[in-house]
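The following exchange concerns the terms used to describe a structure and the values on which they rest. Please examine the sequence and the model before reading on.

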Amino acid sequence: MWAILLVFVSCQSKKANHFEIQSGQFHINNKPVQLICGEMHYPRIPKEYWQDRMKRAKAMGLNTISAYVFWNFHERQSGEFDFDGQADIRHFIKLAHQEGLYVILRPGPYVCAEWDFGGYPSWLLKEEGMVYRSNDERFLQACERYITRLGEELSDLTAENGGPIVMVQVENEYGSYGNDKVYLGKLRDMIINAGFNVPLMTCDGAGQMEAGYVDGALATVNGAVGDDVFKAVDRFTPGGPYFVAEFYPAWFDVWGHKHSYRDYKKPAKQLQWMLENGVSVSIYMFHGGTNFNYTNGANAAYGYAPQPTSYDYDAPLGEYGNAYPKFFAFREVLQKYLYKDELLPEVPAPNSVIALPIMEFTNSAPLSNAFNERVESERPLSMEDVNQDFGYIHYETTLNRAVKGKLTIKDVRDYAVVLLNGQQIGSLDRRHRQSNIQIEVTEVPAKLEIIVENVGRVNYGSEILNNRKGITEKVTLNDEELLGWINTPLPLYNAPINDYQYEASDVKGKPAFHKTTFNLNETGDSFLDLSQWGKGAAWINGRSLGKFWNIGPQQTIYVPGPWLKKGKNELVIFTFEDTGARKAKGLKKPILDQLGIDKNKPERRVHDYSKTPVLDDGDKINYSLVAQNNWQDEFIFDNVHTMRHLALEILVNDKKTAITEIDVINADGSLLTKDTWEVVYVNSEEELEYQVGADCAIDGNFGSHWEVQPSSKADCIIIDLGEIQSIKSIRIHKRNPEKTRVDNINIYGRPQFFLLK
Ligand code: GLA
């Protein structure tokens with residue numbers, strides 16, 4: 001067994017610790033150390049609980065935590081830095097030190113992380129033509145100011161300077177975005193110049209390491225398990241150190257999609273393999289937490305897919321510090337690798353949870369209470385134009401003639417509620433590519449209001465370049481442009497919500513604030529059940545709890561115990577889209593896995609055929625074909641491959657493709673169930689009466705199929721397996737062996753998502 005120092009290595013002392021890479025291993029003061037790390041994010045955990053979560057990390061058996069630094073959490077307006085309160089990352093790191101944990105710092109500046117704009121500040125979007133994540137001079141200057149400032153804040157906390165920071169990461173999975181080594185080199189130099197005198201690293205999926213690594217930083221792999229780790233790393237640093245910088249025992253949620261849940265048994269075995277083989281690992285996430293201040297991001301490659309408020313992640317430590325079975329399973333694994341006589345700390349007792357009484361909301365305040373700065377313009381302005389980062393924006397214009405027809409908003413970023421003379425006439429949801437609504441104006445002048453929510457800026461892929469919010473271009477009525485607008489930014493998350501004028505009358509059917517108070521004898525964590533409330537946001541005692549949306553899967557929002565008070569508490573709910581519900585209660589357990597009715601959803605799933613996937617050779621799989629019989633072909637891979645996305649390119653031009661089912665077989669020979677699968681991309685599909693296209697290839701039903709007419713282009717399908725899997729082969733079932741050929745095929749697999757162009 002590999003000799004390791006797990007919790008044994010103490011980093012509590014103030015003296016300098018020399019962390020380095022030596023003979024294929026990490027060393028601290030000349031002793032080998034295996035980093036058993038877990039990711040957690042300071043803005044996603046109430047500050048009052050930072051230390052609590054670290055104690056639990058330690059008790060599970062971690063010796064290191066890794067943390068992104070979120071640029072847009074510290075520099076909300078250009079040049080104005082904030083490192084206080086929830087943004088006091090220095091305190092977070094010092095607490096880790098106090099708890100005997102090393103820290104891997106991941107300052108980005110791009111971090112991904114299901115975080116608005118991948119951590120970039122929204123004011124970058126104001127700069128015409130600026131290209132982010134590139135060697136663009138103006139962009140690099142902004143990066144440098146931030147990294148330099150971060151150095152002033154944190155560089156004295158490196159191990160070399162007596163603190164806990166043992167490594168600093170350059171960029172984040174840059175290889176899945178570009179391969180500009182000049183850009184990476186400049187970021188690397190900025191980090192060094194900012195005073196971070198410890199080893200640097202990059203991290204990428206196995207197929208993207210070539211593009212993502214930079215000289216002078218250790219190339220580490222994300223998402224790989226088993227021997228794939230060695231194969232990936234040996235190409236860059238033969239013999240190691242081997243570090244899986246992101247190991248995913250779970251995954252994040254998406255609004256309107258089934259809750260992501262992953263059983264602990266397989267990840268526990270994978271973790272055991274890492275321990276056994278001397279592979280350092282960072283669990284992404286160890287503890288996810290909550291997007292309290294509307295900071296969630298979105299994916300966009302396969303249609304706009306924003307993440308919810310909860311970042312529970314089904315991580316070992318759940319959203320409110322609750323230990324899932326995965327926590328104990330991992331602890332059991334990690335415990336086996338301790339030094340003799342070494343013991344893990346006891347797992348701290350759970351924090352108390354309380355129910356909140358049924359509360360009635362009898363006081364309301366109209367939206368106009370939040371109106372502050374009002375800006376006039378010809379065309380509607382985007383949020384960035386009015387220096388707004390998160391939240392909502394209100395647009396108002398006057399219609400002076402009676403008219404009936406189509407009101408088109410170009411583009412809705414991301415959810416719009418439309419009011420005519422104070423009455424809601426509909427809503428538009430970018431997730432469903434909705435951009436217009438029927439309108440009828442009978443009495444003039446008529447007041448048209450459009451309130452648009454930023455549901456989360458894209459944090460992954462090329463769409464990050466196209467990330468403005470609100471109305472990004474124009475509004476037309478029957479193709480005639482509407483000009484003359486009043487724009488009112490409503491960031492709300494930081495609004496003086498308790499100072500609004502609440503009155504004992506109900507503002508119904510339109511965006512408004514509703515307030516209630518309740519008394520408590522004791523405090524504790526609670527979960528506000530807003531499943532009846534539609535769409536909006538909530539505050540407890542003036543602090544933002546984040547947003548809710550009854551489409552689920554999250555139906556409760558987390559109320560941290562330390563934010564409650566003994567005695568009187570004030571709860572405010574903003575109804576962006578009102579259902580008329582005026583009662584709420586606090587549960588003792590969250591509801592994170594219940595989908596609700598998605599009223600804007602169109603009947604049939606429409607795939608977007610306009611894009612092309614980027615299928616890298618690095619992700620290509622070699623196989624041998626076993627034609628078991630005429631009805632099915634099995635493609636057995638030369639090696640087991642780790643993947644979340646499976647892409648097939650079927651290259652036949654003489655016959656049509658007609659596939660009833662695609663089966664995937666994992667490393668231990670069992671067939672994967674398809675409950676959480678999704679066809680995320682297809683470049684062609686017939687829409688016949690008796691079937692509905694590509695989705696039929698994974699519906700478990702041999703009576704339906706995916707059909708494509710003969711053509712010279714390859715038929716391409718990408719399947720999201722819902723979680724990372726280790727795959728040995730795939731089996732393709734054909735509808736009619738006489739008429740279909742699938743033997744000429746390219747297969748690709750990737751732990752992350754394939755990008756689309
Ligand atoms: C990637 C990124 C992380 C996060 C995960 C998914 O690996 O590096 O920031 O987005 O995917 O949770």
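The questions below take up the ligand site, the burial of selected residues and the backbone geometry.

Q: On what basis are the values given here?
A: This is a predicted model, in which local features need pLDDT of at least 70, side-chain atom pairs count only at pLDDT 80 or more, and totals for chains, interfaces and linings use all residues. Residues are numbered from 1 along each chain as its sequence is written, and side-chain values use heavy atoms, with hydrogens and water left out.

Q: Which residues come nearest to the ligand, and what makes a residue near?
A: A residue is near a molecule if one of its heavy atoms lies within 4 Å of it. There are 15 residues around the ligand, and those that come nearest are Glu-114, Glu-246, Tyr-248, Tyr-313 and Gln-752.

Q: How is the shell around the ligand divided by class?
A: The shell has 10 nonpolar, 2 polar and 3 charged residues. In this scheme Ala, Val, Leu, Ile, Met, Phe, Trp, Tyr, Cys and Pro count as nonpolar, Asp, Glu, Lys and Arg as charged, and the others, Gly among them, as polar.

Q: What makes the pairing of Tyr-248 with the ligand a polar contact?
A: A polar contact is a pair of N or O atoms within 3.5 Å; within protein, one atom must be able to donate a hydrogen and the other to accept it, and residues adjacent in sequence count only if both atoms are side-chain atoms. An N or O atom in the side chain of Tyr-248 is 2.4 Å from an oxygen atom of the ligand, so the pair meets the distance limit. The backbone also takes part: an N or O atom of Ala-113 lies 2.8 Å from a ligand oxygen, and one of Val-111 lies 3.2 Å from a ligand oxygen.

Q: How much of the ligand does the protein bury?
A: Taken alone, the ligand exposes 300 Å², and the protein buries 99% of that. These areas come from the Shrake-Rupley method with a 1.4 Å probe; for residues, only the protein chains shown count as cover.

Q: Why is Glu-114 called buried?
A: Buried means under 20% relative accessible area, exposed over 50%, and partly exposed in between, with a 1.4 Å probe and protein chains only. Glu-114 has 6% relative accessibility and therefore counts as buried. The residue lies in the loop between strand 6 and helix 4; helices (H or I, at least four residues) and strands (E, at least two) are DSSP runs numbered from the N terminus.

Q: What is notable in the phi of Glu-114, and where does Tyr-460 lie relative to this residue?
A: Phi of Glu-114 is positive, at about 55 degrees, although the residue is not a glycine. The C-alpha atoms of Glu-114 and Tyr-460 are separated by 8.1 Å, with these positions 346 residues apart along the chain.

Q: Why are Tyr-120 and Arg-133 classed as buried?
A: Tyr-120 has 0% relative accessibility and so counts as buried; Arg-133, at 3%, is likewise buried. Tyr-120 is found in the loop between strand 6 and helix 4, and Arg-133 is in the loop between strand 6 (102–106) and helix 4 (137–154). A polar atom of the Arg-133 side chain lies 2.8 Å from the backbone oxygen of Asn-172.

Q: Is Asp-479 buried or exposed, and why?
A: Asp-479 has a relative accessible area of 71% and is therefore exposed. This residue is found in the loop between strand 23 (470–477) and strand 24 (480–481), and its phi is near 70 degrees, a positive value in a residue other than glycine.

Q: Why is Asp-695 called partly exposed?
A: At 25% relative accessibility, Asp-695 falls between the two limits and so counts as partly exposed. Asp-695 belongs to the loop between strand 38 (678–682) and strand 39 (706–708).

Q: Where are cis peptide bonds found?
A: One joins Gly-240 and Pro-241, with omega about 10 degrees, and Pro-241 lies in the loop between helix 7 (227–234) and strand 10 (243–247). Another joins Tyr-284 and Met-285, with omega about -5 degrees; Met-285 is found in strand 11 (residues 280–287).
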